[in-house]
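Student: I have a structure in front of me and would like a close look at one part of it. Could you take me through it step by step?

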Amino acid sequence: MFRHTLTTQITIAAPAARIWQILMDFAAYPEWNPFIRSAQGTPQPGERLTVHIQASGTKGMTFRPKVLAATPEQELRWLGHLGIPELFDGEHLFTLHPISATACAFQQAEAFRGLLVPLFRDALDRDTKRGFEEMNQALKARAEAA
C-alpha cells in the first residue's frame with residue numbers, strides 16, 4: 001500500500017482553549033476557513049462528519065469522514081475515504097501543543113494511504129498543503145483577533 005504524509009505547523013498567540021473553540025465551531029467555518037469551507041456533524045469518536053474542502057484554485061470535494069479522536073484542547077482526528085476504503089484514505093489530524101498560557105503550536109497533518117496515492121501525490125504536495133497553510137494562517141488571524 002502506498003503512503004504519503006503532509007504536515008504543517010504554525011504558532012498562534014492564543015491559548016489552546018481559544019483555538020479549540022474556533023476549531024469546534026463548525027457553523028462559523030464559512031466565515032473564516034479558506035480550506036475547509038464547511039463541516040457539519042458532531043465531533044465525537046465514532047460519529048460521521050460531512051466536510052467540504054477546497055484549496056484555493058481547485059475544485060472542491062465533499063466527503064464523510066469518521067471521527068477517530070476528539071480530545072478537547074489537544075486533538076481532533078478523522079479518517080476519510082475516496083470511494084472504496086484502501087483506494088485513497090486520508091487520516092486528518094489537528095493537534096494543539098501549548099507553549100505557554102497565551103501561545104500554542106497548532107499542527108495540521110494528514111496521512112494518506114491507498115492504491116491511488118501515487119496518482120495524487122503532486123496535487124497533495126501542491127494544492128492540499130497550500131490549503132492547510134491557508135487554513136493555519138486564517139485560524140491564527142481569527143484566534144489572535146479575539
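Tutor: What follows is a walk along one strand and out to its partners. Keep in mind that this is a predicted model. The strand is β8, which covers residues 103–113.

Start with E110, which is found in this strand. Is E110 buried or exposed? E110 is buried. It has no salt bridge, though. The nearest side chain of opposite charge belongs to R113, and that is 8.9 Å away. A salt bridge needs the nitrogen and the carboxyl oxygen within 4 Å, so R113 does not qualify as a partner for E110 at 8.9 Å. What does E110 have instead? Its side chain is joined to that of H92 by a polar contact of 2.5 Å. Now look around E110. Leaving aside neighbours within four places in sequence, E110 is in contact with H4, T5, L6, G90, E91, H92 and F132.

Next, move to R113, which also lies in strand β8. R113 belongs to a network of salt bridges that links it with E75, R77 and E91. Take the network piece by piece. The side chains of E75 and R77 meet in a salt bridge of 3.5 Å, N to O. R77 also meets E91 in a salt bridge, here at 3.2 Å. R77 lies in strand β6 and E91 in strand β7, so this pair ties together parts that are 14 residues apart in sequence. How open are these two side chains? R77 counts as partly exposed, at 22% relative accessibility. E91 counts as partly exposed too, at 21%. The contacts of R113, with neighbours within four places set aside, include E91, D89, F88 and L87. M1, F2, R3 and L79 are on that list as well. For a sense of distance, pick Y29. It sits 84 residues from R113 along the chain, and their C-alpha atoms are separated by 27 Å. Y29 forms one aromatic cluster with F26 and W32.

The structure holds 8 salt bridges. For another example, go to helix α3. There, E144 forms a salt bridge with K140, with the closest N and O atoms 2.8 Å apart. The two residues are 4 apart in the helix, which separates them by about one helical turn. E144 counts as partly exposed at 33% relative accessibility, and K140 at 23%.

Now return to strand β8 for F106. The structure holds 7 aromatic pairs. F94 and F106 form one that is stacked, with 6.0 Å centre to centre and 20° between the planes. F94 lies in strand β7 and F106 in strand β8, so the pair ties together parts that are 12 residues apart in sequence. Both rings belong to buried residues.

Which residues touch the most other members of the largest nonpolar core? They are I19, L23, I36 and F106, out of 37 residues in that core. Helix α3, residues 117–145, gives the most to this core, with 7 residues. In soluble globular proteins, nonpolar side chains tend to be buried together. F106 touches I19, L23 and F94, among others, not counting residues up to four places away. N136 and L139 are also among the residues F106 touches.

To sum up the strand: E110 is buried without a salt bridge, R113 is linked into a salt-bridge network, and F106 pairs with F94 in a stack.

How values were computed
Residues numbered from 1 in each chain as written. Predicted model: local features only at pLDDT ≥ 70, side-chain atom pairs only at ≥ 80, totals over all residues. Heavy atoms only, no water. Buried < 20%, exposed > 50% of the residue type's maximum accessible area, 1.4 Å probe, protein only. Lys, Arg positive; Asp, Glu negative; His and termini not counted. Polar contact = N/O pair within 3.5 Å; in protein donor to acceptor, adjacent residues only side chain to side chain. Contact = heavy atoms within 4.5 Å. Phe/Tyr/Trp six-rings, centres within 6.5 Å; stacked < 30°, edge-to-face > 60°. Core = buried A, V, L, I, M, F, W, Y, C linked by side-chain atoms within 4.5 Å.
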